[in-house]
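Hi everyone, thanks for coming. I'd like to walk you through what's on the inside of this protein, so let's put it up on the screen.

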Amino acid sequence: MTSGAQETVGPIRRVGLFGNPLKSGLPGAVETIVRICEAHQVEVLASEDLAGGVSNTLTILPNDQLIDRVDVVIALGGDGTMLRAGRVLGLSGVPLLGVNLGSLGYLTDVPLDELEVAVVQLLAGKFHLDNRSRVYCSVWRDGQKIATASALNDLVVNMGPLPRALEMELLMNKDSLGRFLGDGIIVSTPTGSTAYNLSAGGPICQSTVDCLLVAPICPHSLGMRPLIVAGDTKIELILHETGEGAVLTADGQKSNTLANGDRLAFQEANREVRLIKFPQSNFYRVMRHKLNWGATRRRWEKDS
């Protein structure tokens, strides 16, 4: 399904908070959210991850119970917090809003100094939902499926404990692109195009494009370059030689150990993450402000 389809939700009666309790700005952000929600008679519930980091007056719930009871979730932290929140939300379809308490915060759309305005807009229904695709992988060994993984940003295969190149074979819809040596490979969604994919030399892709991106990591071949493929493409990777092993990582947070001969099948996942976006949200605005696109930092600060 194409990412970026816009839709709205009904009245918001309960807001769930998910966040990184180690962020210094978290207590003040929670206080702002609670104050505005109480003024609008909206209940605020907090994830168990925030226990000890928020006021004792807030109801703390296990993640699964929280998701069952709220209309939206606000994630307070950086992109790592957003990715964890997306994994917790799973198949629930509960919309997710990211508030940036970190540094770059590409996924966390709302800066701390705009939090109050954003919460008022949220409760007034002045937003739309941006459906973001995920990428899914199944790992096969000796004809048996041994593991699965899914990610909002990317799935990465890279070297094990020793820095020894992997010998891999890449296939698209059963057609082999040949064997190559390299440090690994990144399969990302358009959302994840600005993450590891970008650092590895892959292209930036607008979130509304229905595609997957494949970026070899330090390939020992001039003929193995980053690819953009249609969203329904079946991508396979065969690990012919892993040396001291290889690892599959989902969004940099969950990993599986791989071995020689493993076959990995990647595809666009059927489930999506629904991100809350405001009228002022814009892909190119984010590019300009988060990645300093097309300007020196001095000019960027002056223009903003």
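Okay, let's start at Leu17. If we skip its neighbours within four places in sequence, Leu17 is in contact with Val30, Ile33, Val44, Leu45, Ala46, Ser47, Leu50, Leu58, Leu66 and Ile74. Keep in mind that this is a predicted model.

So where does Leu17 sit? It belongs to the largest nonpolar core, which has 32 residues, and Leu17 is among those that touch the most other members, along with Val15, Ile74, Leu76 and Leu122. Which elements build that core? At least two residues each come from strand 2 (14-19), helix 1 (26-39), strand 3 (43-47), strand 5 (72-77), strand 6 (96-100) and helix 4 (115-123). Helix 1 gives the largest share, with 7 residues. There's another core apart from this one, with 28 residues, including Val139, Leu155, Leu166 and Met168.

Now look at helix 4. Its buried residues include Leu115, Ala118, Val119, Gln121, Leu122 and Leu123. What covers them? Among others, strand 2, helix 1, strand 5, strand 6, strand 7 (110-111) and strand 19 (263-277). Just after helix 4 comes Gly125, with a positive phi of about 75°.

Last stop: empty space. How many cavities of 30 Å³ or more does the structure hold? There are 3, and the largest has a volume of about 70 Å³. Ala118 turns up again here, lining that cavity together with Asp109, Val110, Pro111, Glu114, Phe278, Gln280, Ser281 and Arg285. The lining is a mix: 4 nonpolar, 2 polar and 3 charged residues.

That's my tour, thanks for listening!

Terms used:
Residues are numbered from 1 along each chain as its sequence is written. This is a predicted model: local features need pLDDT of at least 70, side-chain atom pairs count only at pLDDT 80 or more; totals for chains, interfaces and linings use all residues. Side-chain values use heavy atoms; hydrogens and water are left out. On a 1 Å grid over the protein atoms alone, a cavity is a set of points where a 1.4 Å probe fits but cannot get out, and a pocket is an open set with protein on both sides within 12 Å along at least five of seven lines; lining residues have an atom within 4 Å of a point. Grid points are joined across faces, edges and corners, and a volume is the space filled by probe spheres set on the points. Ala, Val, Leu, Ile, Met, Phe, Trp, Tyr, Cys and Pro count as nonpolar, Asp, Glu, Lys and Arg as charged, and the others, Gly among them, as polar. A nonpolar core is a set of buried Ala, Val, Leu, Ile, Met, Phe, Trp, Tyr and Cys residues joined through side-chain atoms within 4.5 Å. Buried means under 20% relative accessible area, exposed over 50%, partly exposed in between (1.4 Å probe, protein chains only). Helices (H or I, at least four residues) and strands (E, at least two) are DSSP runs, numbered from the N terminus. Contact means heavy atoms within 4.5 Å.
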